[in-house]
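The following note sets out several points for consideration alongside the coordinates. Please read each one with the structure at hand.

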Amino acid sequence: MDRRTFLKTTAALGAAGVASPRLAAPALAQGAKVLRFVPQANLANFDPIWGTQYVVRNAGALVWDMLYGVDSTLTPQRQMVESEEVTDNGLTWTFRLRDGLRFHDGEPVRAADVVPSLTRWMARDPIGGMIKAIQDELTAVDDRTFRWRLKKPFPKLLYALGKTNAPVAFIMPERIAKTDPFTQISEYVGSGPMRFRRDEWVPGARAAFETFKDYKPREEPSSWLAGGKRMLVDRVEWVIMPDTATASAALQNGEVDWWENPIADLVPLLRKNPNVVVDIADPLGNIGSFRMNHLYPPFDNPKIRQAVLVGMNQEDYMRALVGDDDSLWKPLPGFFTPGTALYSEAGGAMIGKGDIKTAQRLLKEAGYKGEKVVCIVAQDQPITKAEGDITADLLKQIGFEVDFVATDWGTTGTRRASKAPPSQGGWNMFHTWHTGADCINPAGYPAVRANGDKAWFGWPNLPAVEAGIAEWFDAADPAAEKAAIDKTNAAACEGAVYAPTGFFLGYQAWRKNVKGIVKGPLNFTWGVSKA
Amino acid sequence: MLGYIGRRVLATIPVMAVVGLFVFSLLYLSPGDPAAIIAGDQATPEDIERIRASLGLDRPFLVRFGEWAWRILHGDLGISIFTNLPVSTLIGQRVEPTVSLMLVTLVFAIVVAVPLGVLAAWKAGSLIDRLVMGLAVTGFSVPVFVVGYILAYVFALQLGWLPVQGYTPIAQGLWPWLANLILPSVTLGLVYIALIARVTRATMLDVLNQDYVRTARAKGLAQRHVLFVHALKNAAVPIVTVIGIGIALLIGGAVVTETVFAIPGLGRLTVDAILRRDYPVIQGVVLLFSFTYVAVNLAIDLLYTVLDPRIRY
Amino acid sequence: MSATVVPQLDAAPSVAAPLPDVIPPRKARGPVWRFVRRYPTVVAGVIILTVIFLAALLAPSLWTVDPTALAPAKRTRVPSAQFWFGTDMLGRDIYSRVIYGARVSLLVGFAVAILASIGGLAIGLVSGMVRWLDGIVMRVVDGMMSIPPILLAIALMALTRGSVQNVIVAITIAEIPRVARLVRGVVLSLREQPYVEAAVTTGTRMPAIIWRHILPNTMAPMTVQATYICASAMITEAILSFIGAGVPPSVPSWGNIMAEGRALWQVKFFIILFPAIALSLTVLAVNLVGDGLRDALDPRMAKDI
């Protein structure tokens with residue numbers, strides 16, 4: 001390298017430092033209302049189709065709008081769409097967009113933007129993938145109309161378009177939506193109520209959003225992703241706090257206004273503060289889980305898997321996750337979200353009760369030969385870390401030989417995808433969790449599928465489970481759906497698709513002078529005001 | 001002198017090449033790559049492979065290293081895998097907080113530690129000496145985050161004098177900038193104080209026994225004059241040396257301090273990048289650190305010529 | 001008028017009667033006491049270290065329970081008669097974890113100190129004695145030194161899984177460059193000494209030169225450096241646990257007890273308090289011993305470290 005390039009690099013770095021007004025505050029109008037929010041994780045990237053982390057989806061919901069949006073009863077309601085029409089026995093859907101919708105750069109939202117947005121979304125979304133498989137054509141008829149022709153009816157189409165689970169079907173401008181679904185977008189022009197201030201974004205530290213004045217909210221009152229998304233503040237700032245204790249102190253001190261996920265142990269302290277309000281964050285909660293590898297011993301033996309499910313004590317897991325507050329967790333003898341229509345306890349009577357004696361007996365009867373259980377535990381995720389500690393203890397008690405691999409979430413992500421034998425870079429067990437919103441029904445719930453090679457990591461192969469799911473897809477009415485799910489649940493319990501460690505809720509906390517915060521699967525910022 | 005500087009600058013190139021190769025190899029060897037994290041929870045192994053291919057992570061080591069080295073030589077630090085922003089932008093955003101933190105910490109540490117070291121040397125062997133040194137060493141022994149939590153609790157939460165967290169750019173006012181930096185600097189500085197005080201004391205002891213000091217005293221100069229004008233100037237070289245060494249050590253403590261006080265600095269950027277395997281960021285930041293280390297050492301060597309006229313290059 | 005006393009020149013000088021004991025004579029104290037008076041801080045350091053060593057050694061007999069025994073129903077209890085230091089977030093007894101944690105922290109500290117010293121010694125010797133390797137080796141060492149040790153340790157830990165051995169290796173690699181530099185410096189300055197030149201001219205083989213002349217002179221600064229490395233390694237282990245890249249939770253260490261409890265420190269500060277005190281005391285003790293060693297061996301060394 002010659003001196004010139006050397007100096008150029010230095011100058012580039014220096015200029016980058018000087019010319020980055022990232023940390024400069026914007027010129028705020030007098031009396032501008034700023035809502036400072038502490039998100040659950042770092043906002044490291046900003047493509048809600050490419051990156052499926054929840055925090056990206058939450059930010060995306062501020063910046064992009066959707067064709068439909070589910071309300072608090074999980075019923076899809078029209079959002080950007082003015083009317084829809086179903087013809088040909090459910091094979092043709094014709095949609096008409098609302099008038100006056102605009103992107104943040106002033107351009108109108110046209111059907112020509114919707115089509116590539118949906119195409120990109122379908123490439124990454126499981127339900128979208130199912131639609132794509134039966135899709136005949138998806139075209140823009142004119143500026144405000146587009147048509148979707150399918151080969152088979154798909155009654156859940158509107159739900160798929162309006163659901164909260166990532167990736168969400170956000171509508172982007174055509175040129176941006178044409179980006180390959182496996183490559184990040186680099187422009188963030190949105191259709192939603194807030195504009196993303198890219199020049200103020202410091203990944204890992206903060207992000208800023210500014211209300212888009214030309215957004216046209218619907219007339220109806222807002223409810224989750226449905227209704228009118230009226231912004232009652234001028235700016236929203238996301239302050240990323242890597243340290244929980246610091247976030248708690250900042251909320252108490254008034255340096256932030258709203259904290260997405262305070263840990264349960266800190267809640268009594270926050271409640272004592274006269275300026276802080278604490279309530280449940282998402283009534284749909286979360287389901288903790290660990291998955292066993294059905295391809296290799298010892299967990300290729302269903303009886304051994306049963307032993308684990310019988311021996312595990314969900315109360316232990318839940319206490320480790322949410323502490324002493326009993327209102328925050330429920331035992332979960334199944335795989336579907338409590339409090340929703342399809343919740344089922346069929347076949348789950350034996351699991352999760354901590355019956356070590358029976359577990360030990362089952363292990364012996366199954367003929368366990370002492371094979372080592374390679375158990376992957378990510379230490380940098382509090383949920384998996386806590387679960388991992390309990391599992392290590394559980395396995396020892398039942399009588400397994402355990403190889404506890406303490407690593408990080410990134411390595412877990414790579415290793416769990418490997419179908420190699422556990423001793424050669426594979427695995428026997430790893431820990432994770434799912435949000436309740438993702439476990440309401442088998443659509444968009446890959447973790448409950450048991451179709452062998454195509455299933456989620458662990459690759460369970462249980463025809464009975466798949467039969468039940470197929471029945472649900474074809475079910476004509478809610479009673480048939482429930483019956484199908486009961487069958488699925490029982491089969492999943494018996495075959496141990498995965499091990500549910502319990503159902504748990506989380507809290508959110510905010511300052512008293514903030515109003516309008518609702519419970520839901522994400523932090524709905526519309527309707528939130530600050531005194 | 002210019003020749004000396006030129007030679008030193010040239011000598012940095014192999015050093016940085018070593019660093020670059022080492023870090024690159026390290027990342028190449030590490031299991032887990034960003035593709036899995038990016039693919040997310042719903043991903044299939046095919047998705048992960050596709051992302052890996054689109055990031056160019058499946059190419060052989062030499063190809064990737066060569067490409068990266070070529071880009072670096074043209075001043076292009078690459079694009080972060082996760083944020084899709086140029087690495088130089090990410091670094092540029094975080095330079096100011098880190099530099100501010102280092103500067104204020106340095107000033108605080110020097111202002112406290114040098115007088116302490118001088119005091120201890122002056123009263124060498126006495127109770128004061130032992131007490132001062134003992135306190136200094138204690139500052140070095142308590143884990144940084146514990147100190148940080150305690151200070152934040154007392155001064156921010158309970159007394160409300162200072163903010164708990166965050167960073168305010170200096171462009172928004174001197175006091176807000178300083179207010180955010182006081183607690184983190186004290187936290188970090190305590191570690192540094194022991195180091196500087198110890199070296200100051202030892203050097204001063206050495207110097208105070210020299211003939212010219214005795215002459216100065218015999219001439220009837222005030223003790224303070226003797227200490228600060230004659231002795232300290234001569235003790236400056238080793239003190240400045242230790243300050244230079246300490247900067248690399250400080251970065252370790254800075255990672256923790258930046259986490260506890262939510263300062264958007266380079267330490268936190270690097271740790272996050274390491275845990276997420278954001279290779280371009282890791283490589284860029286480490287290169288920057290090594291460059292800084294080399295530059296600081298060069299500056300210190302040049303400072304010697306100012307402090308000690310006997311040193312000539 | 002006072003009479004002057006004229007000494008009687010021919011009188012034999014008389015031996016004065018012994019004075020009465022107004023000031024009692026000082027009892028001669030033993031060498032131990034003298035040592036303590038001269039180096040009180042070193043003695044304090046040694047005592048603390050001995051206590052901690054013994055606690056680590058005798059851990060099972062010190063009224064401890066299994067430090068990994070979970071009891072989630074009894075989590076975060078305040079210190080009481082049953083749980084002397086309280087329980088942590090999974091119901092484990094903190095007292096037992098702190099006592100057993102001494103093992104890990106001491107092991108990490110001393111293992112890193114010894115291994116880094118050996119490694120640095122080897123590299124420094126090679127670099128100092130073999131001139132043509134010196135340039136290359138020093139470039140590499142400089143390069144390694146320019147990477148902040150914490151970040152290097154974190155990166156190395158990211159390569160592999162969490163375990164005590166990996167933590168030791170990671171921190172050792174990060175500390176070797178400093179020792180190598182130190183040894184090289186000593187070797188270079190000794191190489192020019194007349195007695196070394198004399199030994200070379202009389203045909204003494206290299207290993208003998210190293211053994212007889214070089215090594216003894218490196219021992220003093222290396223020993224002092226080793227104590228500081230020991231202290232620094234213990235703190236680094238705590239920081240690694242803080243980041244989440246340290247020893248796995250199944251092995252209690254002061255670092256990971258603090259890391260796990262840090263989110264709760266405002267409500268259950270005892271989780272952090274006890275391991276923090278233990279770590280601080282130990283690191284303090286090691287530093288005091290190191291300072292004392294340095295003062296005893298060569299006070300001028302203080303300028304170089």
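**Nonpolar core, chain C and the domains of chain B**

1. The largest nonpolar core of this predicted model comprises 338 residues, and the members that touch the most others are M66(A), C375(A), I196(B), V112(C), A153(C) and I154(C). The element that gives the most to this core is helix α8 of chain B, residues 174-208, with 18 residues.

2. One of those core residues, V112(C), merits inspection of its surroundings. Beyond its neighbours within four places in sequence, V112(C) is in contact with I168(C), I171(C), T172(C) and E175(C), as well as with I229(C), C230(C) and A233(C).

3. Chain C has 10 helices and 0 strands; its pattern along the sequence is accordingly written α-α-α-α-α-α-α-α-α-α. Of the 305 residues in chain C, 49% are buried. Among contacts in chain C with a separation of 6 or more, 70% join residues 24 or more positions apart.

4. Chain B is assigned two regions, domain 1 (22-76) and domain 2 (90-307). Their C-alpha centres are 37 Å apart. Contact between them involves 9 residues of domain 1 of chain B and 7 residues of domain 2 of chain B.

5. Which elements give two or more residues to the side of domain 1 of chain B that touches domain 2 of chain B? They are α1 (2-29) and α2 (34-39) of chain B. The most is given by α1(B), with 3 residues. By class, this side of domain 1 of chain B has 6 nonpolar, 2 polar and 1 charged residues.

Methods
Residues are numbered from 1 along each chain as its sequence is written. Chains are lettered from A and ligands numbered from 1 in the order in which they are written. This is a predicted model: local features need pLDDT of at least 70, side-chain atom pairs count only at pLDDT 80 or more; totals for chains, interfaces and linings use all residues. A nonpolar core is a set of buried Ala, Val, Leu, Ile, Met, Phe, Trp, Tyr and Cys residues joined through C-beta atoms within 7 Å. A residue is buried if 20 or more other C-beta atoms lie within 10 Å of its own, exposed if 12 or fewer, and partly exposed in between; C-beta atoms are placed from the backbone. Helices (H or I, at least four residues) and strands (E, at least two) are DSSP runs, numbered from the N terminus. Two residues are in contact if their C-beta atoms, placed from the backbone, lie within 7 Å. Domain bounds come from an automatic or database domain assignment. Ala, Val, Leu, Ile, Met, Phe, Trp, Tyr, Cys and Pro count as nonpolar, Asp, Glu, Lys and Arg as charged, and the others, Gly among them, as polar.
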